[in-house]
Amino acid sequence: MKTTYREAVREAIREAMNRDARVFLMGEDVGHYGGCYAVSRGLLEEFGEDRIRDAPLSEAGFVGAGIGAALGGMRPIVEVMTVNFSFLALDQIVNNAATLLHMSGGALNVPLVIRMATGGGRQVAAQHSRSLEGWYAHIPGLKILTPATLEDARGTLWTALEDPDPVLIFEHVLLYNLEGELPDDAGPVPIDRAAIRRDGTDVSLITYGGSLPKALAAAERLAEEGVSAEVLDLRTLRPLDTEAILETVEKTHRAVIVDEGWRSGSLSAEISARITEGAFYELDAPVARVCGAEVPTPYPKHLEAAALPQVEGILEAARSVLPAGRGARG
């Protein structure tokens, strides 16, 4: 069936609520307004106010309530509109959800799923355009998912709700209008494995989330130049699928990491370090990185575009690691 990323997420929520009476959705404007980017539109009429719960502007309060509900045997889905607002609930996410299992000696699982939009590209300025999923991936006790395809938008929530521990799902704002075909029987997908989205032999483009379509577009352009680029979609940032990262590097011997987060202390830095630790002697060129510019994301369209990874930047990085004579530059 033809659908959009937004509809795939909505169907995933609907299916989860039909499958398990313990599942409910809670967050600001998830009911009457229809949720952030209209993801939950229509669910209030279908499931009622007991299961689609509008919360006041109090991120720490309703995330904390979600943790309490999870401890009490429910399976809450908490929507925190955007990653920027999650700062207001950091104490609950980092100090409570992520730590309770360890601090209780394994006695207290927190089966909580938190969804939030992430990333730039919609001209909503610095305070609404951050990509901080890599920052959350630093924190032990959390699983960090970044669905980038319709199948993953549909299937990751299912798997996340079956996890006994807290899972954060980051949905890139540029993906909500993504259209495509999705099998009617699309089901759960693994949340601990990266996926090869395009096979290649000359260079590995390693990325996730909203940067995946850009990496695939760059791979198409490279193919026109006679370069075979492999595209690895990380899908999960914690735990990272290190085995898949090393396998693609061992295959192509060149790596370009595309990460919308800021370069310093970034996820791309972590991936680069793991390649150095595990596949240094497989490299035929230094690892290249394409990251967000280290500035608050600008509002003007042309400056915002310049601050975020784009296809041209990925192409330039890929050509820089190829041997002379390969790619347009050669």
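**Exercise 1. In strand S13, find the residue that stands opposite Ile 206, then work out how S10 and S13 are paired.**

Step 1. Look across from Ile 206 to S13: the residue standing opposite is Ile 257. Keep in mind that you are looking at a predicted model.

Step 2. Now take the two strands as a whole. S10 and S13 (residues 255-262) run parallel, and three bridges join them.

**Exercise 2. Find the partner of Ile 206 in S11, and follow the chain from S10 to S11.**

Step 1. In S11, Leu 232 is the residue opposite Ile 206.

Step 2. Count the bridges: five of them link S10 with S11 (residues 229-233), and the pairing is parallel.

Step 3. Trace the chain onward from S10. It passes through helix H8 (residues 212-224) before reaching S11, making a right-handed β-α-β crossover.

**Exercise 3. Decide whether the residues of S10 are buried or exposed, and explain what this says about the strand.**

Step 1. Recall the cut-off: a residue is buried when its relative accessible area is under 20%.

Step 2. Check one side of S10, where Val 203, Leu 205 and Thr 207 are buried. Then check the other side, where Ser 204 and Ile 206 are buried too.

Step 3. Put this together: five of the five residues in S10 (residues 203-207) are buried, so the strand is largely enclosed by the rest of the structure.

**Exercise 4. Give the strand order of the seven-stranded open sheet, and explain why S3 and S12 each have one side without a neighbour.**

Step 1. Read the order across the sheet: S3-S2-S4-S5-S7-S6-S12, with mixed pairing.

Step 2. Look at the edges. S3 (52-54) and S12 (236-238) each have a single partner strand, so one side of each lacks a neighbour in the sheet.

Step 3. Add the twist, which averages 20° from one strand to the next.

Step 4. Zoom in on S12. Its antiparallel pairing with S6 (residues 143-145) has two bridges, and Ile 144 is opposite Arg 238 there.

**Exercise 5. Describe the surroundings of Arg 6 and find its nearest side chain of opposite charge.**

Step 1. Locate Arg 6 in helix H1 (residues 5-19).

Step 2. Arg 6 is buried but has no salt bridge. The nearest oppositely charged side chain is that of Glu 7, 6.6 Å away, while a salt bridge needs a distance within 4 Å.

Step 3. List the contacts, leaving out neighbours within four places in sequence: Arg 6 meets Tyr 37, Ala 38, Val 39, Tyr 176 and Asn 177.

Conventions
Residues numbered from 1 in each chain as written. Predicted model: local features only at pLDDT ≥ 70, side-chain atom pairs only at ≥ 80, totals over all residues. Heavy atoms only, no water. Pairing = 2+ DSSP bridges. Helix = DSSP H or I, 4+ residues; strand = E, 2+ residues; numbered from the N terminus. Axes fitted to C-alpha atoms, helices over the stretch in contact; angles between N-to-C directions. Buried < 20%, exposed > 50% of the residue type's maximum accessible area, 1.4 Å probe, protein only. Lys, Arg positive; Asp, Glu negative; His and termini not counted. Contact = heavy atoms within 4.5 Å. Right-handed = clockwise from strand over helix to strand, strands pointing away.
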